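Okay, thanks for making time, everyone. I'll put the sequence and the structure up on the screen, and then we can walk through it together.

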Amino acid sequence: MRPRADQVVTSVAWTFDRYIVPELNDPFAKSLALSIGYALRNVEQRLREEGPAIWADNREIRVTLRNVRDLV
């Protein structure tokens with residue numbers, strides 16, 4: 001499915017940083033914008049890295065379960 005979720009989040013973060021953040025004048029709004037930007041980048045990173053990390057974990061679990069199966 002296009003666009004992918006990571007592409008959507010990247011686009012939203014870029015637009016937010018480029019057009020919204022520079023227009024903020026209120027210190028509290030700027031602080032909130034920093035938090036929102038951090039959250040968006042965190043979601044970007046998770047979308048890129050979580051899937052491969054889960055696959056790697058599952059691979060390790062499969063190996064362990066195969067080894068234990070022979071002992072049971």
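Let's start with a charged pair: D6 and R4 form a salt bridge, and their closest N and O atoms sit 2.9 Å apart. R4 is partly exposed in that pair, with a relative accessible area of 38%. Before I go further, please keep in mind that this is a predicted model.

How many salt bridges does the structure hold? Three. The one I'd like you to look at next brings together the side chains of R41 and D17, at 3.0 Å from N to O. That pair ties together distant parts of the chain, since R41 belongs to helix α2 and D17 to helix α1, with their positions 24 residues apart in the numbering. Both partners are partly exposed: R41 has a relative accessible area of 36%, and D17 comes in at 32% relative accessibility.

Then there's E50 with R46, where the closest N and O atoms are 2.5 Å apart. Here both residues lie in helix α2, four residues apart, so about one turn of the helix. E50 is partly exposed at a relative accessible area of 35%, and R46 is partly exposed as well, at 46% relative accessibility. While we're on E50, its C-alpha atom is separated by 20 Å from that of I36, and those two are 14 residues apart along the chain.

Now for a charged residue without a bridge. Is E44 buried or exposed? E44 is buried, and yet it has no salt bridge. The nearest side chain of opposite charge is R41, and that one is 4.3 Å away. The cut-off for a salt bridge is 4 Å from nitrogen to carboxyl oxygen, so at 4.3 Å the E44 and R41 pair doesn't count as one. R41 does have its bridge to D17, as we just saw. As for where E44 sits, it's in helix α2. Which residues does E44 touch, leaving out those up to four places away in sequence? V9, T10 and A13.

Let's move on to the aromatics. If you search the whole structure, you find one aromatic pair. That pair is W14 with Y19, and the geometry is edge-to-face: 5.9 Å centre to centre, with 80 degrees between the planes. Neither ring belongs to a buried residue, because W14 is partly exposed with a relative accessible area of 49% and Y19 is partly exposed with 48%.

There's another tryptophan to look at, W55, and its place is in helix α2, which covers residues 27–69. W55 is exposed, with a relative accessible area of 56%. If you want a feel for distances along that part of the chain, take W55 and A29: they're 26 residues apart in sequence, and C-alpha to C-alpha they're 39 Å apart in space.

One backbone detail for those of you who check omega angles. The peptide bond going from R2 to P3 is cis, with omega near -10 degrees. P3 lies in the segment before α1, and α1 itself covers 5–20.

Okay, let me zoom out to the whole chain. In terms of secondary structure, you get two helices and zero strands. The radius of gyration is 20 Å, while the globule rule gives 11 Å for 72 residues, so the chain is more spread out than a compact globule. You can see that in the box as well: along the principal axes, the C-alpha atoms fill roughly 65 × 30 × 10 Å.

What about burial? Of the 72 residues, 11% count as buried, and E44 is one of the buried residues. The accessible surface of the chain comes to about 6,200 Å², and 61% of that belongs to carbon and sulfur atoms.

So if you take one thing back to your desk, I'd make it E44 in helix α2: buried, no salt bridge, and R41 at 4.3 Å. That's it from me, and I'm happy to rotate the model if anyone wants another view.

Technical notes: Residues are numbered from 1 along each chain as its sequence is written. This is a predicted model: local features need pLDDT of at least 70, side-chain atom pairs count only at pLDDT 80 or more; totals for chains, interfaces and linings use all residues. Side-chain values use heavy atoms; hydrogens and water are left out. Buried means under 20% relative accessible area, exposed over 50%, partly exposed in between (1.4 Å probe, protein chains only). Rings of Phe, Tyr and Trp (its six-membered ring) pair if their centres lie within 6.5 Å; planes under 30 degrees apart count as stacked, over 60 as edge-to-face and the rest as tilted. Lys and Arg count as positive and Asp and Glu as negative; His and the chain ends are not counted. Contact means heavy atoms within 4.5 Å. The radius of gyration is taken over C-alpha atoms; the globule rule is 2.2 Å times the number of residues to the power 0.38. Accessible areas come from the Shrake-Rupley method with a 1.4 Å probe; for residues, only the protein chains shown count as cover.
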